[in-house]
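User: Could you take a close look at one strand residue for me, and then follow the thread to a small sheet and to the cysteines? I am new to this, so please go step by step.

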Amino acid sequence: MNPVQLPYEQLKAYEGRPTSAPGVGKDLVNEPMIRHWCEAVGDANAAYRGPDAVAPPTMLQAWTMGGLSGHADRSGAYDELSGLLDSAGYTSIVATDCEQEYLRPLRPGDRITFDSVIESVSECKTTKLGAGHFITTRMDIHADGEPAGTHRFRVLKYAPAARLSKTDERSPEVAGRPSETAERPPRADDQHQAPRRPRPRRPRPVINRDNAGFWEGVRGHRLLIQRCTGCRTLRFPWLPGCNSCGSPEWDTVEASGAGTVFSYVVMHHPPFPAFTTPDPPADPPADAPADGTGPDAAALDAAAPDAAGPGTASPGTASPGTASPGTASPGTASPGTASPGAASPYAVGLIELAEGVRMVSNIVGVPYDKVRIGMVVRLEFLCADEELELPVFRVAEGGEG
């Protein structure tokens, strides 16, 4: 079913309409909920304990939730908008992002009230999932009548794009790509030739205002560590505030690049096209130029297990500091480069930098089964494609002995 193009003015008329009646939190801000939250996420910040405790800012939405019984004061505006889009063919929904703004700390005993409205409805957008409209709701949260924060939540209501059959996916004509055989006379072996397809690009890391400086440094081949300007504590991964003293002020220091393997895991998985490269030749071809104009070392190195990009939750990158001391965080590691059609185990390490902080990334330069705790490694940058570079750690010469 092709979606119906709705008049944008009709959708825009829903902006500003409440999604619910003004609400009241079912519980006061309280210490037990703060303790359970901190234990669940592993946050041991002293600011959340003791007589002057405050609630973690990221609990902002938690105080507005209705629990299993929910809230019985939902308005009809959001359901009406959703039904209108459903009837026009935009029947699927996916959450895309949320944003929070913190205006004052929440303390035990605060009474939470909130209002929620449809803040915006976008014009029709074309995405890989299909054409649809982004709907943003905004919740304004108050504590004892004072503005405490804002929570925005965005979804995409879309009409799923038509999926190609397996046969169609293999056909460059159906996929909208020029046919290789249409540009030259047919050959006898055409029936045995698979159409060439562009190699999938590696997933992009998620870059936001909290980690943009880190990725800017990586593009300049610099590994930057945050430093609190209040207590001078170094921190990694990048965070908006200091875990030691709570100060939001910080600057950066550049890592020397020296480090050791604090811990590691070996990853095994089927090959993913975005993370595979052709095998490098064992020996240079006989006709290879001798003046250094042949394949460079970086291109050959790309066939070794490659980078995990710090500071992201995006598939294919690793989030530094998400591993507890003594453990690596395999769930966020980037699949290493493998030979086409073959699974390739690779090592993901928790690297202790010379500056004292730790980060997760790939270990290169030795086979995965030769990696050992305590190995000396050195930072280098892997060119994943023309736009993306990632920090990896190469075992120092002799370090594998």
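**A residue and its surroundings**

Analyst: Leaving aside neighbours within four places in sequence, T137 is in contact with T19, Y78, V117, I118, E119, H151, R152 and F153. This comes from a predicted model, and in that model T137 belongs to strand β5, which covers residues 130–143. The relative accessible area of T137 is 14%, so this residue counts as buried, the cut-off being under 20%.

Turning to the small sheet, we find 3 strands that form an open sheet in the order β8-β7-β9, with antiparallel pairing. Because β8 (234–235) and β9 (250–254) stand at the edges and each has a single partner strand, one side of each is left without a neighbour in the sheet. Strand β7, residues 224–228, pairs with β9 in the antiparallel sense over 5 bridges, and R227 stands opposite D251 in β9.

The cysteines come last, and here a search of the whole structure finds 0 disulfides. For C242, the closest cysteine sulfur is that of C231, at 3.7 Å, which is too far for a bond because a disulfide needs the two sulfur atoms within 2.5 Å. C242 is itself buried, with a relative accessible area of 4%, and C38 also counts as buried, at 11% relative accessibility.

How values were computed:
Residues are numbered from 1 along each chain as its sequence is written. This is a predicted model: local features need pLDDT of at least 70, side-chain atom pairs count only at pLDDT 80 or more; totals for chains, interfaces and linings use all residues. Side-chain values use heavy atoms; hydrogens and water are left out. Two strands pair if DSSP finds at least two bridges between them. Helices (H or I, at least four residues) and strands (E, at least two) are DSSP runs, numbered from the N terminus. Buried means under 20% relative accessible area, exposed over 50%, partly exposed in between (1.4 Å probe, protein chains only). Contact means heavy atoms within 4.5 Å.
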